[in-house]
Amino acid sequence: LISDLTPRIPINEHGCQAWKLAVASQISTRIVTGSSHIPKMMAVTVRWKAIALAVLSLLCLVGMVLYYYPVLPPLRSTFGRRLRMNEDSYKELEQQIDYLQALMKSNERRSLDTLERLRMQNAETRKKLEVQREIVKDLERRNRQLIEKMTNLESGGLRKRDSDVRLAPKIGPDTVRTLNIQQHSEFEVIPFVTFIKNKLYQLESGMVNKPETSPIADRKKEINQVMGTALDILNKNNEGKKYTEYDLAQGYTRNDKTMGTQYELYFETKGERHMYQHIQLFRPFAPIQQVQVQVFDKRNEWINLIVPLSGRVDTFKMFMEMFVETCVRADQRVFLTIVYFGEEGKAETKEILEKAATENHFSHYKFIPRSDQFSRGVGLLAGAEDWDQGNTLLFFCDVDITFEASFLDRCRLNTAPG
């Protein structure tokens, strides 16, 4: 402004005042004319400030990114791993919930099945209890009848019937023996039925049905009566241990329709091994009567077991295992005779026999070698002729036969040495 006014206004004493006025006037004019540019300048200033602030914020953000960039990947991986772990945990939790639900259903089914089974058992138990009550009532009724009969007997009401029973003919061994004499051929022989406490072994059914049956109805009642009579006879004068039905070793019965029913029972002697009480009973279509009481001593009765053999080493090895268990350890009264034909397998067979004898301290055996061709009849005859120790039972056996110690006792009870 001054430079604009200076060339046009001379500077002197009088002109200084004029210069000042001119300057002031020019300034005021310029101020007035330049007032319209003030808003524009303020807008430009604000815009530049905003731009500077945005640039500064951007620089701060870039600095922060550059500062935290090394830390971001571990954070991302940790967050992802935790997220996957949470997903796996959620899936595992769902699997556990499904397993627990299935387990609960299974336990519920099992509990229902157990409850149903217990209900059925309870119903069966109630039925059995009712049957037992009926049996008890029947026994009480029979007991009352028996007491009434005893009362009548004591008062003389049954004297006549008692005398009739006493007049019944006495049955002896000769009467029973006639059952075997009257037959004229083997087809007329009446077969025996073997029985024990709760089993029957009969041949009447042939090969159609099983030979082993359980006695029922009148047959069961008959066996119980016979065993009760035999036990009364044995325990009558016995001051030691009483005999029971569990002491029955074997029983035989057969029925002759013209005479009656024959019974033979073998009881193991109390306190003595291999001794038996033999009782014969006969029911002549009347009350059972005692026939004979005998004692069979089988303690020193040996069996000579003769086995013809040729080869079959493996089978003989199994036979020796059975023989040691049954005859050597359990029975201890069996002599073994091996008649061997040929040379093949001879050494192995003899070695097996000697090894079993050494291990079990068994010396009652004999090995008879033969060089001729195998013949079962020749072998059995050779074994029987070789025996020179008196009368004994001969058991002709094959190498593939198995048996138990009770079979040997039945052999002794139903055969005679010779």
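Reader: What do β6 and β7 form, and which residue in the turn has a positive phi?

Author: In this predicted model, β6 and β7 form a hairpin with five residues between them. The residue in question is phenylalanine 285, whose phi is about 55 degrees.

Reader: What makes a positive phi worth pointing out for residues that are not glycine?

Author: Most residues other than glycine have a negative phi. Two further non-glycine cases turn up here: histidine 274, with a phi of about 65 degrees, and alanine 217, with a phi of about 55 degrees. Glycine 271 also has a positive phi, about 80 degrees, and sits in the turn of the β5–β6 hairpin, where six residues separate the strands. Histidine 274 belongs to that loop between β5 and β6 too.

Reader: Why is histidine 274 counted as buried?

Author: Its relative accessibility is 17%, and the cut-off for buried is under 20%, so histidine 274 qualifies.

Reader: Is alanine 217 buried or exposed, and how do you know?

Author: Here the value falls on the other side. Alanine 217 has a relative accessible area of 60%, and over 50% counts as exposed, so alanine 217 is exposed. This residue lies in helix α7, which covers residues 217–236.

Reader: What does α7 lie across, and at what angle does it run to β6?

Author: Helix α7 lies across β1, β2, β4, β5, β6 and β7, and its angle to β6 is about 125 degrees. Angles from 115 up to 145 degrees fall outside the parallel, antiparallel and perpendicular ranges, so they count as oblique; the α7–β6 angle is therefore an oblique one.

Reader: Why is β6 described as largely enclosed by the rest of the structure?

Author: Eight of the nine residues of β6 are buried, so the description follows from that tally. For the protein as a whole, buried residues make up 27% of the 418 residues.

Reader: How do you know that β6 is joined to β7, and in which sense do they run?

Author: Eight bridges join β6 to β7, and the two run antiparallel. Pairing calls for at least two bridges, so eight satisfy the criterion. As an example, methionine 275 stands opposite aspartate 297 in β7. On the β5 side, β6 again has eight bridges and an antiparallel partner; there, leucine 265 is partnered with isoleucine 279.

Reader: What order do the strands of the seven-stranded open sheet have, and which are the edge strands?

Author: The order is β3-β2-β1-β4-β5-β6-β7, with antiparallel pairing. The edges are β3 and β7, since each pairs on one side only. Inside the sheet, β4 and β5 are antiparallel and joined by eight bridges, with asparagine 255 bridging to threonine 261.

Reader: What makes glutamine 250 a buried residue?

Author: The relative accessible area of glutamine 250 is 9%, and buried means under 20%, so the label fits. Glutamine 250 lies in strand β4, and the residues it touches include Thr194, Phe195, Glu264, Tyr266 and Arg410.

Reader: Why are β10 and β11 said to stand at the edges?

Author: They belong to a second open sheet, of four strands in the order β10-β9-β8-β11, where the pairing is parallel. Each of β10 and β11 has a single partner strand, so one side of each has no neighbour in the sheet. From one strand to the next, the twist averages 20 degrees. Strand β8 pairs with β11 over four bridges, among them the link between isoleucine 303 and leucine 393.

Reader: Which strands does α9 lie across, and at what angle to β10?

Author: Helix α9 lies across β8, β9 and β10, at about 175 degrees to β10. Over 145 degrees counts as roughly antiparallel, so α9 and β10 fit that description. Helix α10 lies across β8, β9, β10 and β11, at about 145 degrees to β8.

Reader: Why is α8 called roughly parallel to α9?

Author: Their angle is about 15 degrees, with axes 10 Å apart. Under 35 degrees counts as roughly parallel, so α8 and α9 earn the term. The crossing is right-handed. Among the α8 residues at the contact are Phe316, Met320 and Val324, while those of α9 include Ile352, Leu353 and Ala356. By class, the contact has seven nonpolar, one polar and two charged residues.

Technical notes. Residues are numbered from 1 along each chain as its sequence is written. This is a predicted model: local features need pLDDT of at least 70, side-chain atom pairs count only at pLDDT 80 or more; totals for chains, interfaces and linings use all residues. Side-chain values use heavy atoms; hydrogens and water are left out. Axes are lines fitted to C-alpha atoms, for helices over the stretch in contact, and angles run from 0 to 180 degrees between N-to-C directions. Angles under 35 degrees count as roughly parallel, over 145 as roughly antiparallel, 65 to 115 as roughly perpendicular and the rest as oblique. A crossing is left-handed if the near helix is turned anticlockwise from the far one by less than a right angle, and right-handed if clockwise. Contact means heavy atoms within 4.5 Å. Ala, Val, Leu, Ile, Met, Phe, Trp, Tyr, Cys and Pro count as nonpolar, Asp, Glu, Lys and Arg as charged, and the others, Gly among them, as polar. Buried means under 20% relative accessible area, exposed over 50%, partly exposed in between (1.4 Å probe, protein chains only). Lists of a residue's contacts leave out its neighbours within four places in sequence.
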